[in-house]
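These exercises are meant to be worked through slowly, with the structure open beside the page. Try each task before reading the solution beneath it.

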Amino acid sequence: MRSFQRAQVKALIDRLGEAPQQLIALFGPRQTGKTTIVRQAFRQIDVGSRFLSVDEPDSSEISVRLDATKSILPRKQDRPTEWLVHHWEEARMDAEEFGRGFVLAIDEIQKIPNWSDTVKGLWDADRARNCPLHVVILGSAPLLMQSGLSESLAGRFEAIHVSHWSLAEMAEAFDFDLRKYLYFGGYPGAARFARNQDRWRNYILGALVEPNVERDILAMTRVDKPALLKRLFELGAAYSGQILSYTKMLGHLHDAGNTTTLARYLDLLSDAGLLAGLPKYSNRPHRRRASSPKLIVLNTALMTAGSGYSSDEAHADRSFRGRIVESAVGAHLYNTARPDTRLYYWRDGSHEVDFVLERGPRIIAVEVKSGIKNLNFRGMEIFNQRFRPYRSLLVGEGGIGLNEFLTVSANHWFEK
């Protein structure tokens, strides 16, 4: 990998250059480079820093000083509150000793019981004494939120969102072209295996999907049927780019319970950055909630790794490649949209628009010429007449090039 930095590195450095008024929270799916972002930022700031990992039992805890490396206590298998308090107090003393400040970063902090109440007390005490200590926490947004960030620490943190890697980022860091990106997706840790597709596939399924589904989501909330959750992900990855009713999902899954369970599990998969179920666009909100979802993997590697296709086979199969393209466009829109932007699809009978972006009163219709179907502009024409979108976009041959479309964020189309 070349010497590459995501935009979040500069965002973090900028915030660390200010007086510590808020905690900094780096949110993002598994394996999107949150730890690398923090460590790259640490190498470029002129104050001391320390990175602690709560999650990995055998990981090292690195202490970086301006003048020397200081050893710290060995890890324990479990992480009591006292462990957090101890390291916070050490960082606090370092911040006051150096005068210019200090940065403490803690990964997977939600795995410490009652962490948010402890952090609130420590953080408020630091503010009362004007301590120049910055604190950065890393993890999954839903995990952190559900374990207390949005309640105990409301108003005390600023978020930096870390999404799946874009085509432009994978191209700059790993020389990926469009073909490679469509098949191998946007996981930086998997890029080194692109020349050995069996190793790459094993990495995606074993090091990313399995721990995400079987560990991270189960830590997020109670799941009564973990096996069903895993099968739902596999089904969603196989049907990515397609509209599939919950009733049809029940037909594909055994012991599926009911549609309410499936809808909830699909939300959990979306929170984990794996699979989204896009609702149908309507100007009546209750109809959106009752619609059949359009399934979209949030990284195309999640679709191709379990497909059984090699890269050459995937691109040779016109129908499958078409679904990869549509999934890539949907994932890109989902991953790059602002928090106040919503993503839908639209269908009325045989007429369909692949994606609909909504931000405030403005909507944008997006049709993808992917090779999966004969392009019929009638759906777009009907949608335009009925909803009067801010703009309508055709992605692919005869419209915006796919390579170009995947290099700009969803927000770009609202601002042009």
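The exercises below begin with the whole chain and then turn to helices, single residues and loops.

**Exercise 1. The chain as a whole**

Find how many helices and strands there are in the chain, and what share of its residues count as buried.

Solution. Keep in mind from the start that this is a predicted model. Counting the elements gives 18 helices and 12 strands in the chain. Turning to burial, 53% of the 416 residues count as buried, while the chain exposes about 18,800 Å², of which carbon and sulfur atoms supply 46%. A last step concerns contacts between residues with a separation of 6 or more: in this chain, 69% of them join residues that are 24 or more positions apart.

**Exercise 2. A helix and its cover**

Compare the reach of helix H9 with the expected value, then work out which of its residues are buried and what covers them.

Solution. Helix H9 runs over residues 226-238, which is 13 residues. The expected value at 1.5 Å a residue is 18 Å, and the helix reaches 19 Å from its first C-alpha to its last, which is close to that value. Next, the buried residues of H9 are Leu228, Leu229, Leu232, Phe233, Leu235, Gly236 and Ala237. A general point helps in reading such a list: an α-helix has 3.6 residues a turn, so residues three or four places apart point the same way. Finally, the cover over the buried residues of H9 includes the helices H8 (197-220), H10 (246-252), H11 (259-271) and H13 (301-304), together with the strands E7 (275-278) and E8 (294-297).

**Exercise 3. Two pairs of packed helices**

Decide for H3 and H4, and then for H1 and H2, whether the two helices are roughly parallel or oblique to each other.

Solution. Two packed helices are described by the angle between their axes and the distance between the axes. For helix H3 (residues 81-98) and helix H4 (residues 115-128), the axes come within 10 Å and cross at roughly 20°. Because angles under 35 degrees count as roughly parallel, H3 is roughly parallel to H4. Their crossing is right-handed, and the residues that meet include Leu84, Val85 and Trp88 on the H3 side and Thr118, Leu122 and Trp123 on the H4 side.

For helix H1 (residues 7-16) and helix H2 (residues 34-42), the angle is about 50° and the axes are 9 Å apart. H1 and H2 are therefore oblique to each other. In this contact, H1 contributes Gln8, Val9, Leu12, Ile13 and Leu16, and H2 contributes Ile37, Val38, Gln40, Ala41 and Phe42. H1 also passes H2 in a right-handed crossing.

**Exercise 4. Buried or partly exposed?**

Take Thr118, Lys120 and Met380 one after another, and decide whether each counts as buried or partly exposed.

Solution. The cut-off needed here is that buried means under 20% relative accessible area. Thr118, found in helix H4, has a relative accessible area of 16% and is therefore buried. Setting aside residues up to four places away in sequence, Thr118 touches Thr81, Leu84 and Val85.

Lys120 is also found in helix H4, but its relative accessibility is 31%, so Lys120 counts as partly exposed. Leaving out residues up to four places away in sequence, Lys120 touches Ser152, Leu153 and Arg156. Lys120 and Ser152 are 32 residues apart in sequence, and their C-alpha atoms are 6.7 Å apart in space.

Met380 lies in helix H16 (residues 378-387), and because its relative accessibility is 10%, Met380 counts as buried. Beyond its neighbours within four places in sequence, Met380 is in contact with residues including Glu352, Val353, Ala365 and Leu393. Between Met380 and Asp354 there are 9.2 Å from C-alpha to C-alpha, although the two are 26 residues apart in sequence.

**Exercise 5. Positive phi in two loops**

Find where Gln31 and Asn130 are placed, and state what is notable about the phi of Gln31 and of Asn130.

Solution. Most residues other than glycine have a negative phi. Gln31, in the loop between strand E1 (23-27) and H2, is not a glycine and yet has a positive phi of about 60°. Asn130, in the loop between H4 and strand E5 (133-139), likewise has a positive phi, near 60°. As for accessibility, Gln31 counts as partly exposed at 32%, whereas Asn130 counts as exposed at 66%.

Definitions and conventions
Residues are numbered from 1 along each chain as its sequence is written. This is a predicted model: local features need pLDDT of at least 70, side-chain atom pairs count only at pLDDT 80 or more; totals for chains, interfaces and linings use all residues. Side-chain values use heavy atoms; hydrogens and water are left out. Helices (H or I, at least four residues) and strands (E, at least two) are DSSP runs, numbered from the N terminus. The expected span of a helix is 1.5 Å times one less than its number of residues. Buried means under 20% relative accessible area, exposed over 50%, partly exposed in between (1.4 Å probe, protein chains only). Contact means heavy atoms within 4.5 Å. Accessible areas come from the Shrake-Rupley method with a 1.4 Å probe; for residues, only the protein chains shown count as cover. Axes are lines fitted to C-alpha atoms, for helices over the stretch in contact, and angles run from 0 to 180 degrees between N-to-C directions. Angles under 35 degrees count as roughly parallel, over 145 as roughly antiparallel, 65 to 115 as roughly perpendicular and the rest as oblique. A crossing is left-handed if the near helix is turned anticlockwise from the far one by less than a right angle, and right-handed if clockwise.
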